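The following exercises concern strand pairing, hairpins and burial. Please work through each task before reading its solution.

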Amino acid sequence: MQILFPSFGLEVVDVLNLNGIRHVIDGNAICFPAQQLKMQLIPLSAEVSVGAYSSAMEGTVEGPDMRSGVEVASAMEGTVEGASGMEVFWLYEDRWKSSRTVTSQRMLARLGVFRRIHARLCHVVSESNCKEFGLSPEAFRLKVKRFLEAFHTYGFLKGQTSYLLMHGQDMVAAAQFMHTYDIAAEGNERRAAEGFGCRADEEKGCRAAKGNGCRADEVKGCRDAEGFGCRADEEKGCRAAEGNGCRTDEEKGCRAAEDNGRASEGEGCVDVESEGRRGSAWEWTRYASLPDVRIAGGMGKVFRHFLSHTGGVSEVMSYSDNEWGNGEVYSRLGFRPAGCLPPVDYHIDPVTFKRINPRQWEVLTTKITPKESERYIKTQNRGSRKWIFKV
């Protein structure tokens, strides 16, 4: 059986060729033996241009472009020799089309093409110390918002504790944390943080938490670690960590509600072993760095600053985005894995190629006709991993 190569993959191959990255085409995936990575391409639909694929590959494999380093898997089916055991990350066509520059830089960083900055040369800026860096609190918040809207898969969140990582006068990373609930001293009682209410997370199927009319979380998240949100290894270019979501991805990948509160595991808060302890629980909702930069120790520096300048923190929860990595940077920071969240269904705007989460889709369908709704394309992310840090 012939495995077809997605047509948008031809643009991806062009970027790889321009940067001299050797790769092997394996059906609808691209393997990178030197990096021991495999990038799975996810098209918007099953329709691909076989002719475009064939003509492109002929020139690359048989012509003078062979110097670019592209190889084609034998028979174009099955697995490439040596591909077994490779770490997989996922490149979606909607991501490529909606933000090609950022996504291509993020992809290249994942493959080892990036500028390196050392965290020891950077400063952590917050709303409390921003005046020392010539910023008013209003200007600081605006800079955080613009940075995350540009470089995090799921953008900026309101009502968060925010930080910037500055290298000289340049912003190189941003992070956000959300106070989720307080841990009482008696037993395992949990109190919702003031103003945070209980809300279900869209990655959990938009369930109401404990019947409290919880709303769906807008994002899945830190992924970034290479993201965004949320999700990823700063040395390997994951955008959730050091730009892969952390949703801290997307990301990286970390998730959080646009306004306040959210449910986790359908309980309204994470599971804790808080017998006899008092403190507060937080969620690391965002981390993103410049997509073409890796900050050695950047996530750790921001996290240590947060812990040392925030009183009474007992635990911190975060999520890594499975699209860009496995979130192992969290393990290096002292977090422990605490389960997984399932994939989330999205609809894609056929004009902008932006993702519409379930809550947004529910609102949108009240404003458009059933016929118009058929134009939107369905997709599903890869889910996320949950991590918890105990202080």
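Three exercises follow, each with a worked solution.

The model is predicted, so local features need pLDDT of at least 70 and side-chain atom pairs count only at pLDDT 80 or more, while totals for chains, interfaces and linings use all residues. Residues are numbered from 1 along each chain as its sequence is written, and side-chain values use heavy atoms, with hydrogens and water left out.

**Exercise 1.** Determine how strand E2 (residues 29–32) is paired with E1 and with E3, and describe the two hairpins.

*Solution.*
Step 1. Strands (E, at least two residues) and helices (H or I, at least four) are DSSP runs, numbered from the N terminus. Two strands count as paired if DSSP finds at least two bridges between them.
Step 2. Strand E1 (residues 23–26) runs antiparallel to E2, and 3 bridges join them. Within this pairing, cysteine 31 of E2 is the bridge partner of valine 24.
Step 3. The hairpin of E1 and E2 has 2 residues between the strands, and glycine 27 adopts a positive phi near 65° there.
Step 4. On to strand E3 (residues 37–42): its pairing with E2 is antiparallel and comprises 4 bridges. Leucine 37 in E3 stands opposite phenylalanine 32.
Step 5. Between E2 and E3 the hairpin has 4 residues, and glutamine 36 shows a positive phi near 55°.

**Exercise 2.** Establish whether the residues of E2 are buried or exposed, and state how many disulfides the structure holds.

*Solution.*
Step 1. Buried means under 20% relative accessible area, exposed over 50%, and partly exposed in between (1.4 Å probe, protein chains only).
Step 2. Ala29 and Cys31 lie on one side of E2, Ile30 and Phe32 on the other; all are buried, and both faces are thus covered.
Step 3. Cysteine 31 has a relative accessible area of 0%. Cysteine 122 is likewise buried, at 2% relative accessibility.
Step 4. A disulfide is a covalent bond between the sulfur atoms of two cysteines. With the criterion of a pair of cysteine sulfur atoms within 2.5 Å, the structure holds 0 disulfides.

**Exercise 3.** Work out the strand order of the open sheet that contains E16, E17 and E18, and explain why E17 and E18 each have a side without a neighbour.

*Solution.*
Step 1. The 3 strands are ordered E17-E16-E18, with antiparallel pairing.
Step 2. Strand E17 (355–356) and strand E18 (377–380) are at the edges; each has a single partner strand, so one side of each lacks a neighbour in the sheet.
Step 3. Strand E16 (residues 345–348) is joined to E18 by 4 bridges and to E17 by 2 bridges.
Step 4. Histidine 347 has lysine 378 as its bridge partner in E18 and stands opposite isoleucine 356 in E17.
Step 5. E16 and E17 form a hairpin with 6 residues between them, in whose turn phenylalanine 353 has a positive phi of about 65°.
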